[in-house]
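Colleague: I'm new to this one. Could you walk me through how to read its features?
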Amino acid sequence: MKENTKEEFLEVVDEDNQVVRIASRYEIHKKGLRHRSVHIFIFNTQGDLYLQKRSPSKDQYPEHWDTSAAGHTDPGESPLEAAQRELGEELGLEVELTEVLEYPACRETGWEFVTLFMAQTDAPVHLNLEEATTG
């Protein structure tokens, strides 16, 4: 879902990462409720890591450097499905992803249970300028 469009709804989860209800992204972030996200690191065959600079229209951390692609997990979506969707939306890539780790929700993650994925590809990136900026 793009910024500045209709409200996004996400799953609120408990300390065991079990769904307790659905709430708006705004409410979740405002109240610091636990929820889920994914981050993807894309490397080329030379070992270079692709990072993106967040769009100035983002409500959180605009114009900050970020992982290759990232986003919230939609209701009913697995972390892998979310990662594949985000990678396609943000970078126009469709590659095989490997799950690296799951990080528990805490203040430092913005109360997100984060699942981290990685992949290696030399395919060209098609940057979505609503999500990121060229610099």
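Modeller: Sure. Keep in mind that this is a predicted model. Let's start with empty space: rolling a probe the size of a water molecule over the atoms shows where some is left. Here, the largest pocket holds about 720 Å³ of space.

Colleague: Which elements give two or more residues to the lining of the largest pocket?

Modeller: They are α1 (25–31), β3 (35–43), β5 (52–54), β6 (65–66), β7 (69–72), α2 (79–91) and β9 (112–120). The largest share comes from β7, with four residues. In total, 34 residues line the pocket, and His39, Arg54, Gln60, His72 and Glu112 lie nearest its centre.

Colleague: And how does that lining split by class?

Modeller: Count eight nonpolar, twelve polar and 14 charged residues.

Colleague: What about the outside? Which residues make the nonpolar surface patch?

Modeller: Look for Val100, Leu101, Tyr103 and Met118, which make a patch of about 340 Å². Strand β8 (residues 98–103) gives the most to it, with three residues.

Colleague: Tyrosine 103 is in strand β8, I see. Is that residue buried, partly exposed or exposed?

Modeller: Go by relative accessible area: under 20% is buried, over 50% is exposed, and partly exposed is in between. Tyrosine 103 has 44%, so it is partly exposed.

Colleague: Where would I find glutamine 46, and how does that one rate?

Modeller: Glutamine 46 sits in the loop between β3 and β4 (49–50). Its relative accessibility is 59%, so glutamine 46 counts as exposed.

Colleague: How far apart are glutamine 46 and glutamate 8?

Modeller: In sequence, 38 residues; in space, 37 Å from C-alpha to C-alpha.

Key. Residues numbered from 1 in each chain as written. Predicted model: local features only at pLDDT ≥ 70, side-chain atom pairs only at ≥ 80, totals over all residues. Heavy atoms only, no water. 1 Å grid on protein atoms, 1.4 Å probe; cavity = no way out; pocket = protein on both sides within 12 Å on 5 of 7 lines; lining within 4 Å. Points joined across faces, edges and corners; volume = space filled by probe spheres on them. Nonpolar A, V, L, I, M, F, W, Y, C, P; charged D, E, K, R; others polar. Patch = residues over 30% accessible without salt bridge, like charges linked within 9 Å, V, L, I, M, F, W, Y side chains within 5 Å. Areas by Shrake-Rupley, 256 points an atom, 1.4 Å probe, with all protein chains shown as cover. Salt bridge = Lys/Arg side-chain N within 4 Å of Asp/Glu carboxyl O. Buried < 20%, exposed > 50% of the residue type's maximum accessible area, 1.4 Å probe, protein only.
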